[in-house]
Amino acid sequence: MELLETDPPAPKKRKHIDAILGQLERCETLLRLLLSGALQFEYSSLNRLVEEAGSQITAEARKRQITIRMDLIPVNMFLIPVQVREAMASLLENALRHADSPSVLSVSMDADKQQVAVIINQTGGQNCLDADAYRRYRSKTPDHYGIGLDMAAAVVRLHGGKLQITETDSGVRTTLQIPCTSLETAEL
């Protein structure tokens, strides 16, 4: 109810309200897709889903002088596209949030007959790593609820994969791995 006050909110509170409203719109879209039956496994382009998720953060990256570099390979897999795109968006938003300014955020893909990996490397952000990184409602960032990484990990587990976040010499590497089915390995 505090968010619905009639007086114009302070700028900091307005930013918080806008962030909540943005997440509610995102949830509404996902709920609509769920109810329409769109959340089912389909043969989809993983690289296209990664590109679409990356396009969601380009404006913020530009503001923070962070260059996004994508080195993607064409990979088609059986996925739930909406979920994978949302998971990738959450991972990229998290990487951007904790990356140094100015810097480069790189996204690459690697594939073999067993699995496909999407690797996100960011400069900076080592202080964001802890045991609670994947736990919902745990976050070191003020006014942030820690839902994104938990949701991304759940989506990756649903697809039989795993998600790892590790510290590197210059920052943080996030690796999403999804195993290939026998139908997919014919293309790799």
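Start by selecting strand 5 (115-123) and strand 7 (residues 171-179): nine bridges join these two strands, which run antiparallel. Strands here are DSSP runs of E with at least two residues, helices are runs of H or I with at least four, and both are numbered from the N terminus. Two strands count as paired if DSSP finds at least two bridges between them. To see one position of this pairing, label Asn121, which stands opposite Arg173 in strand 7.

A word on what is loaded: this is a predicted model, in which local features need pLDDT of at least 70 and side-chain atom pairs count only at pLDDT 80 or more, while totals for chains, interfaces and linings use all residues. Residues are numbered from 1 along each chain as its sequence is written, and side-chain values use heavy atoms, with hydrogens and water left out.

**The rest of the sheet**

Next, add strand 4 (103-111). Strand 4 and strand 5 are antiparallel, with six bridges between them, and they form a hairpin with three residues in between. Zoom in on Asp110 here; its opposite number in strand 5 is Ala117.

On to strand 6 (162-167). Strand 6 is joined to strand 7 by six bridges, and the two run antiparallel. Pick Leu163 and you can find its bridge partner in strand 7, Leu176.

Now show the whole sheet: five strands in the order 2-4-5-7-6, open, with mixed pairing. At its edges are strand 2 (66-71) and strand 6, each of which pairs on one side only. From one strand to the next, the twist averages 15 degrees. In general, strands of a sheet pair through backbone hydrogen bonds, either parallel or antiparallel.

**Helices on the sheet**

Select helix 2 (residues 46-55). Helix 2 packs on the sheet and touches strand 2, strand 4 and strand 5, where contact means heavy atoms within 4.5 Å. The direction of helix 2 makes about 170 degrees with that of strand 2; axes are lines fitted to C-alpha atoms, for helices over the stretch in contact, and angles run from 0 to 180 degrees between N-to-C directions.

Then pick helix 5 (residues 148-158), which lies across strand 6 and strand 7 and runs at about 135 degrees to strand 6.

**Helix against helix**

Keep helix 2 and add helix 4 (residues 81-98): the two pack at an angle of about 45 degrees, with their axes 8 Å apart. That angle makes helix 2 oblique to helix 4, since angles under 35 degrees count as roughly parallel, over 145 as roughly antiparallel, 65 to 115 as roughly perpendicular and the rest as oblique. Show side chains at the contact: helix 2 brings residues including Leu46, Leu49 and Ala53, and helix 4 brings residues including Val84, Met88 and Leu92.

**One residue at the edge**

Go back to strand 6 and select Glu167. Is Glu167 buried or exposed? Glu167 counts as exposed because its relative accessibility is 53%; buried means under 20% relative accessible area, exposed over 50%, and partly exposed in between (1.4 Å probe, protein chains only). Draw a distance from its C-alpha atom to that of Gly124: the two are 43 residues apart along the chain and separated by 9.3 Å.

**Zooming out**

Finally, display everything: the protein has six helices and seven strands, and buried residues make up 37% of its 188 residues.
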